[in-house]
Amino acid sequence: ISFPKFKTRFEFICIDGHDLYSALDSAKVADLLLCLHSSDPNSTTADDSDGHPLLTAIYSHFLPTTVHVIYGLNALPPKKRTDTKKAVQKFVDNRFANTEKVRSVDTAADATQLIHYLSNCRRRVSAFRRHRPQVLTERLEYVPNGAEDLERGTLKVTGYVRNRCLDVNSLIHIAGYGDYQLSEIEVLTDPNPMSTTRQSTKSSDESMATDQKNNLKFVLRPDPLKQQALDFENIPDPMSGEQTWPTDEELMAAEAENKNKVVKRVPKGTSDYQAAWIVDNSDESDGKDSDNDSEDSDEGSDEEPMEAIKEDEEESDASDAEDMEDMETMSVTTTGPTNDANYDQKLDLTEEQTALQKFKAQRQYELWPDEVDTPTDQPARQRFQRFRGLKSFRTSPWDPMENLPEDYAKCFQFENFQRTKRRVLNAGSATGDEPTGAQNGWFVCVHVKDCPKLVYQSYADNRKPLLLNGLLEHEHRMSVQNLVIRKHPSFGSEPIQSKESLVFHVGCRRFRAAPVFSAHTNGDKHKLEKYMRADAPVVATLYAPITFPPASVLVYKSYSDGRADQLVATGSLLSCNPSRVVTKRVVLSGHPFKINRKHAVVRYMFFNREDIQWFKPIELRTKYGRKGHIREPLGTHGHMKCVFDRQLNSQDTVLMNLYKRVFPKWTYEPLLASTCGAGPVVEPIGDDMN
């Protein structure tokens, strides 16, 4: 609808309160959110303190400039109009931030004032939309590729270009259907001009270029050398890391290099130059330290192990006679029999047992985080062979390119992500050159190449908003996304475990993935979080297409029993960096058996002599802050002599930290319309708010 008086054009979209995906797609392209409040005193929205799932999702993802309007005040008595308007204003102030007064619309003059306010009000635009073009469908046509291929063809989307220039060489993303290339862009005459008078005189060149039959001005076609390809994944070369057999020349050079080398015993820290001057006549007796005095003192003053003292449990036994004296009998009316049988029939015992096990595991993890028992049926050096010890979790080095899985070969990585982000987002602005393509505000017909017929059929049947989102450079390629999310208070206390399948809304995409949670900390290593924390944000690492921040994130959990998707967490995109090291920590615990000042005999950490020798270089610590190391094993049953920096307490526990890098699973699954249907159903808002 064009309003030449205000030099503004409006397009109104009625949000479907039953379809979450359609409502979110509408909110992503909307400049203004117009909330209509009913003046009916029986309305439930004004009394709803918890809000609504749909409003919560829009508010968390991106809330555009919101205008609140109340209608139906003229139908109320004059004395109740002010109270009703104050009640709605109170609800708006509590639910929305930075809101203005609620406006009433009951007459034509009120509607004109509202349109004038909507034309001149300040509009909030998200940074995600500011850098990406969008086209909201007003008319849709489908032309198949030919008689042999009727399921795929060219989709002609007609609408206005928004936010930024739409380059014909770039890719577009249709929400719910995937990424596609453009075959051409037809620039058409604006059917709703904002000026009252049209230009009557036109140049000869313009009149020749304009087709009066279909209002076609000109056509933009892609350049085959500049058009972006749909290379979704990197194709790894299986022979890229292989070594070839050395040649004869390389073998002869290696033999000549090692011919004159002599093995000598030199002190530690000796350089090659110093070792050449040392004569190999040192005695074999050097280098051994005798610890007889310390060992004798250890064995002579060993303390006896302390026995655990059990706490006495006090139980109060009252006799039945005393209970009867404090009680009296009275007659009461009983209700009908409860329907326990039907309730048990609807109860899923398997799901109840699974939920109970998850709650127990989460409680166990909160009480003793990362602590595991050393297995007795297999050697610890085999059970924890992929783990390593670190002198300092903060400063010890860890190569991010070490032992990567095969899925990482399919991902794309930038040499400097922040520098690439600045270059892509500021493309054209730094040099001052206007980007080539359909400019903001043009009325165009976009030809989408090789699009499935399902897109056209779904739009023709449901008539829901179809949105084209322009993609920046590299945003169609797979990488590793890192999302900073926080658990939403409305979700409850249900535990969300790492590598659990969740539904993500990141920018203009929605997909299903199984993320790995880690602590949101500084440094080059980050500790794995087994469960999503409720008191602090976590970083979810997963495989997904590249998206340049800033971009908002919504996380939902879907249920197989038909229940509506629940909002789990909200957050933002941190980076797309496969080099983020997420480490899983395992804590092995032992108990001091004999203590003599700084020396102690520890048991129950290992159960054979070979494991002690294997883990001997790793540093030990205790729960009371002592640090030490393993000196030597004692016997063959896992006892070991340890030395600490201070006196050890008999109630202390000896710990050993082991670390292993973990990676997410390749579970990326885009939520296409053919797999998710019409989207998750939410409770309707009602007649009081649309």
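# Notebook: loops, cores and rings

I started at M194, which sits in the loop between β11 (182–188) and α6 (204–209). This is a predicted model, so I keep that in mind for everything below. How exposed is M194? I get a relative accessible area of 35% for M194, which makes it partly exposed. I then asked which residues M194 is in contact with, leaving aside its neighbours within four places in sequence. The list reads S2, P4, K7, T8 and R9. For P4 I also looked up the spacing: M194 and P4 are 190 residues apart in sequence, yet their C-alpha atoms are 4.8 Å apart.

**Whole chain**

I stepped back for the overall counts. The chain has 690 residues, and 40% of them count as buried. I find 17 helices and 30 strands. Taking contacts with a separation of 6 or more, I see that 78% of them join residues 24 or more positions apart. The exposed surface of the chain comes to about 41900 Å², with carbon and sulfur atoms supplying 49% of that.

**Helix α2 and the β3-β4-β5 sheet**

Next I went to helix α2 (residues 53–61) and noted its buried residues: L54, L55, T56, A57, I58 and H61. What do they pack against? I find two helices on the list, α1 (20–29) and α3 (78–95), along with the strands β3 (32–38), β17 (502–506), β22 (552–557) and β23 (566–576).

β3 took me to a sheet. It is open, with three strands in the order β3-β4-β5, and the pairing is parallel. β3 and β5 (103–104) are the edge strands, each with a single partner, so each has one side without a neighbour in the sheet. I looked up how β3 is joined to β4 (residues 65–71): seven bridges, with the two strands running parallel. One of the partners I wrote down is T65 in β4, which is bridged to L32. α3 turns up here again, lying across β3, β4 and β5 and running at about 160° to β4.

**Strand β15**

Which way do the residues of β15 (residues 467–470) point? L467 and N469 go one way, L468 and G470 the other way, and all are buried. I then checked the partner strands of β15. β6 (residues 134–136) is joined to β15 by three bridges, antiparallel, and Q134 has N469 as its bridge partner. β9 (residues 172–174) also runs antiparallel to β15, again through three bridges. There, I174 has L468 as its bridge partner.

**Nonpolar cores**

I looked for the largest nonpolar core and found one of 33 residues. The members with the most contacts inside that core are L483, I485, F504, F511, F517, M532 and V555. Two or more residues come from each of β16 (478–487), β17, β18 (509–513), β21 (538–545), β22 and β23. β21 gives the most, with five residues. A background note to self: in soluble globular proteins, nonpolar side chains tend to be buried together.

I picked M532 for a closer look. Not counting residues up to four places away in sequence, M532 touches I485, K487, I496, F517, V538, V568 and A569. Apart from this core I found another one, of 25 residues, including Y142, I185, V446 and C451.

**Aromatic rings**

How many aromatic pairs does the structure hold? I get 16. One of them is F384 with F387, an edge-to-face pair at 5.7 Å centre to centre with 75° between the planes. F384 is buried, its relative accessible area being 2%, and F387 is buried too, at 12%.

Then I turned to F511 and Y668. Their ring centres are 5.1 Å apart and their planes are at 50°, so I log the pair as tilted. It links distant parts of the chain: F511 is in strand β18, while Y668 is in the loop between β29 (654–661) and β30 (669–670), 157 residues apart. Are F511 and Y668 buried or exposed? Both are buried.

Last entry: I traced the cluster that these two rings belong to, and it is made up of F232, F504, F511 and Y668. F504 and F511 are also on my list of residues with the most contacts inside the largest nonpolar core.

Notes
Residues numbered from 1 in each chain as written. Predicted model: local features only at pLDDT ≥ 70, side-chain atom pairs only at ≥ 80, totals over all residues. Heavy atoms only, no water. Helix = DSSP H or I, 4+ residues; strand = E, 2+ residues; numbered from the N terminus. Buried < 20%, exposed > 50% of the residue type's maximum accessible area, 1.4 Å probe, protein only. Contact = heavy atoms within 4.5 Å. Areas by Shrake-Rupley, 256 points an atom, 1.4 Å probe, with all protein chains shown as cover. Core = buried A, V, L, I, M, F, W, Y, C linked by side-chain atoms within 4.5 Å. Pairing = 2+ DSSP bridges. Axes fitted to C-alpha atoms, helices over the stretch in contact; angles between N-to-C directions. Phe/Tyr/Trp six-rings, centres within 6.5 Å; stacked < 30°, edge-to-face > 60°.
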